[in-house]
Amino acid sequence: VRAERTGGGVGNPTDDGAYYWRARTYDKIDLNTWDSTEASTVDIPTESPIFDQRADAVDPQGRHSFTFTVVPGEFRASTILSPQTPISVDQPSRLTTVGQGGYYTTLERSEGSGPYTVTALTPVNGTGDGQINIAALRATDTNYPDEIRALYLPLPADSLGPNAQALEAKILDEAPSRAPIDLAEQIVKELKSSTYRYETDLTDLPCAGISKVECFATYKRGFCQYYAATMAVILRDLDVPARIAQGFLPGSRDGNAATEEILF
């Protein structure tokens, strides 16, 4: 996949941000898999606001807007890739959401498999209106709406066995506060440590009958799904709503080149 950054705002012809390219999100987390519940789909006309009157709409104030064209390579699915919040696409699309408020699951082209152009909004670090910083994130209200709690907090029984519970206790002990941002950053710090090894061949692990999170906490070996599930499950268990996102890592660019190669 190639992402050609055609506009980065006034006075900035190309965007130089490093983004995770989101394909879809999941609200339902089971012991070893995840899924979307009660999904509904709506048609979005060309260049129309994607999240108009829907739960994932964001205020553009303080956010960065840029436009990019995705040129599919081996990835020929109808899924539209975008970092953070896509706000418009240059062709008809279908938006799939969950919940009454319309929380994002995935966005797909209605027809065709060629290039498509998206405009998206991404957060900006700073102290201005709409910008983000640690102090503001720590002060964020945690009185979550009922629908967010219903969608993004449930866990099946036995999601966390004794080793996953010990990992959660370690997170709580070492996090600077119980604020969601501090808990999330402490989990990232822990899972990025040398204690855990990224491995794709786990056939030798005797994890039958336990959750993916408990397997990872026990043997400390796994790939992206293990890292993502562990973070989401621990956050939910700590009463922080979380959904699992699936997509692509930031790609590679030569210097300030406007074309990014995203590995499939």
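## Terms and overall form

A residue is called buried when its relative accessible area is under 20%, exposed when that area is over 50%, and partly exposed in between. By this scale E38, with a relative accessible area of 70%, is exposed, and the same three words are used for the other residues in this report, which describes a predicted model.

The protein contains 6 helices and 14 strands, and 43% of its 264 residues count as buried. Its C-alpha atoms fill a box of roughly 50 × 40 × 40 Å along the principal axes. A compact globule of 264 residues would have a radius of gyration near 18 Å, and the value of 19 Å for the protein therefore agrees with that expectation. Among contacts with a separation of 6 or more, 73% are made by residues that lie 24 or more positions apart.

## Salt bridges between distant parts

Side chains of opposite charge can pair when their charged atoms come close. In this model the count comes to 9 salt bridges, and three of the pairs are described here, beginning with R94 and E108, whose side chains meet at 3.6 Å, taken from N to O. R94 belongs to strand 8 (residues 93-98) and E108 to strand 9 (residues 103-109), so that the pair links distant parts of the chain, 14 residues apart. R94 counts as partly exposed because its relative accessibility is 23%.

Another salt bridge joins the side chains of R149 and D239 at 3.0 Å, N to O. Here the partners are 90 residues apart, with R149 in helix 2 (residues 146-152) and D239 in the loop between helix 6 (224-237) and strand 13 (244-248). R149 is partly exposed, with a relative accessible area of 31%, and D239 is partly exposed as well, at 38%.

## A network around R221

The side chains of D204 and R221 also meet in a salt bridge, with an N to O distance of 3.0 Å. Because D204 lies in the loop between strand 11 (197-198) and helix 5 (212-219), while R221 is in strand 12 (residues 221-222), the pair ties together parts that are 17 residues apart in sequence. The pair is also part of a wider arrangement, in which salt bridges that share partners join R197, E199, D204 and R221 into one network. Within this network R221 is buried, since its relative accessible area is 13%.

## Helix 5 against helix 6

The axes of helix 5 and helix 6 come within 9 Å and cross at roughly 105 degrees. Angles of 65 to 115 degrees count as roughly perpendicular, and the two helices are therefore roughly perpendicular to each other.

On the side of helix 5 the contact is made by K212, V213, C215 and F216, and on the side of helix 6 by Q225, Y226, Y227, A229, T230 and V233. These residues divide into 7 nonpolar, 2 polar and 1 charged.

## Two residues with positive phi

Most residues other than glycine have a negative phi. E38 has a positive phi of about 50 degrees although it is not a glycine, and its place is in the loop between strand 4 (34-35) and strand 5 (40-44).

D239, also not a glycine, has a positive phi of about 70 degrees. Its place is in the loop between helix 6 and strand 13, and the side chain of D239 forms the salt bridge with R149 described above.

Notes
Residues are numbered from 1 along each chain as its sequence is written. This is a predicted model: local features need pLDDT of at least 70, side-chain atom pairs count only at pLDDT 80 or more; totals for chains, interfaces and linings use all residues. Side-chain values use heavy atoms; hydrogens and water are left out. A salt bridge is a side-chain nitrogen of Lys or Arg within 4 Å of a carboxyl oxygen of Asp or Glu. Helices (H or I, at least four residues) and strands (E, at least two) are DSSP runs, numbered from the N terminus. Buried means under 20% relative accessible area, exposed over 50%, partly exposed in between (1.4 Å probe, protein chains only). Axes are lines fitted to C-alpha atoms, for helices over the stretch in contact, and angles run from 0 to 180 degrees between N-to-C directions. Angles under 35 degrees count as roughly parallel, over 145 as roughly antiparallel, 65 to 115 as roughly perpendicular and the rest as oblique. Contact means heavy atoms within 4.5 Å. Ala, Val, Leu, Ile, Met, Phe, Trp, Tyr, Cys and Pro count as nonpolar, Asp, Glu, Lys and Arg as charged, and the others, Gly among them, as polar. The radius of gyration is taken over C-alpha atoms; the globule rule is 2.2 Å times the number of residues to the power 0.38.
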